[in-house]
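Colleague: Could you take a close look at the aromatic side chains for me? I'd like to hear how the rings sit against one another and how buried they are.

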Amino acid sequence: MTQKTRWSQFGVLITVFFFWGFVAASNDILIPVFQKAFDLSHAQSQLVSFAFYIAYTVGSLAYFGISRLAGQDLLNRIGYRNGICLGLLVSALGTLLFYPAANSGSFVLMLSGLFIVGLGFSLQQIAANPLAIVMGNPATGAQRLTLAGGVNNFGTTIGPLLVSVAIFGSVASGNTEASIESVKMPYLVLGAAFVLVALFLRFSSVPNHIDLEGVARSEAQDAGRLSHKASAFAYPQLLLGMVAIFLYVGVEVSTGAHLPAYMREHLGVDTSAVAPYVSLYWASLMIGRWTGAAGAFEMGAGARRMLTLVLPFVAFGVFLAVNAALRHEVAQFYGYAGVIVVMIAATLLSRGNPARMLLYFALCGIAALLVGMFSDGKTSAIAFISSGLFCSTMWPCVFALAIAGLGRHTNQGSSLLVMMIMGGALVPLLQGVLADTAGIHMSFWVGVACFAYLAFYALRSAALLRRQGIDLDRLAAEGGH
């Protein structure tokens, strides 16, 4: 009998996904604040993002090392729910550093606080991602992770707005020098929220232990063909998936990071007017993830197809409503609905198979960046922005493919994948170097290369999993009942 998704437990779990997005996007508000207050260069100001993203790598390496020293996987020992709670408390400790950092005007302490917040997030990610996949039918695991990603992107949408109001008081306020003192209060409130959620999770029904070997057997058509290896490193789908996660996070962060400079240099759009375009880029990830999330619901095929058609336009409406409330001109974005239709078509054609969805979205991402590079004006801007749509479901697709069949090595594999989030720190630097030498317009070749590898991984991982008795089409079909 097909296992049903435990929605009450899943609803509690995805609160942490919201916080990841809320904080990560809010860091973009801190960059210009710190740059002026501490008189930083552009490169120095990017240490905000670097400190946050590199913490995922350090946290994952620490998890791996502790597990090896203990002779037992850390999450199997302390439990998944407990691991997420511990991660939330570590992140809360990081927010406490904002108080002495603001009072003393210390940039190093600010970065240390962000690093510790990211360190806690790394443990949360290692536990929560596989937990989201296994909390129900394995066939719809990628779609559940996509749904969680949609909640994450809701956090990225409102996080910068709320933190900006908390720091500046109003949109009109430009007193960034005095705002260093204002930074501590919103982050202390955020820390208190982390503690409350940790307490809520601790006494919730979210499972503390899961049967990873049982999950692996349920994924395989022939359990006798499953690979039972001594280490996660022995699974090629994981090793190739680590590179895929690195490049996916890299292209997602890098494209968004270089969009404002491109629009300023090539379209003459003033920095103060670029916000709606950047907003649409990040909203595109929400639009795509809400679309892919339709497959997570246990309902008839017709109803799921209807949700696939409706949810992306609901998400697009959220973007339009938020920007209209901020008095931005939204009529210029109505035509973006046509790009959303292309994304919906790619989703439907994938028929729930994560490898096929990854392939189609990677090819669409390549096309979007090529159109952007070989066109001008608003067409190029919309093309670059639309790559966000095609990044949207890549995390859950790659994650699901990389840990499929790992069994008792799933947690180790999860930690290695989370470690590769460092792509968000390094790929933008590579594109920046190319922008300095070849011009920012042509620098998006870096993104094309990233998408090309992701297309390769989609094909290769499907073949590798077939050899291990895991038929992705069969799993997708079972998820459709």
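Modeller: One cut-off up front: a residue is buried when its relative accessible area is under 20%, and partly exposed from there up to 50%. Keep in mind that this is a predicted model. With that in hand, take Tyr-281: its relative accessibility is 1%, so Tyr-281 counts as buried. Trp-282 comes out at 22%, and therefore counts as partly exposed. These two form an aromatic pair, with 5.3 Å from centre to centre and 80° between the planes, which makes the pair edge-to-face.

There are 20 aromatic pairs in the structure. Another one worth a look is Tyr-262 with Phe-444: the ring centres are 6.3 Å apart and the planes stand at 90°, so this pair is edge-to-face. What I like here is where the partners come from. Tyr-262 belongs to helix α12 (residues 236–266), while Phe-444 is in the loop between α20 (423–438) and α21 (445–467), so the pair links distant parts of the chain, 182 residues apart. Both Tyr-262 and Phe-444 are buried.

Then there's a bigger grouping to pull up on your screen: one aromatic cluster is made by Phe-52, Tyr-53, Tyr-56, Phe-121 and Phe-194.

Rings also have charged company. Lys-184 places its charged end over the ring of Tyr-99, 4.6 Å from the ring centre. Likewise, the charged end of Arg-202 sits over the ring of Phe-203, at 5.8 Å from its centre.

Notes. Residues numbered from 1 in each chain as written. Predicted model: local features only at pLDDT ≥ 70, side-chain atom pairs only at ≥ 80, totals over all residues. Heavy atoms only, no water. Phe/Tyr/Trp six-rings, centres within 6.5 Å; stacked < 30°, edge-to-face > 60°. Helix = DSSP H or I, 4+ residues; strand = E, 2+ residues; numbered from the N terminus. Buried < 20%, exposed > 50% of the residue type's maximum accessible area, 1.4 Å probe, protein only. Lys NZ or Arg CZ within 6 Å of the ring centre and 35° of its normal.
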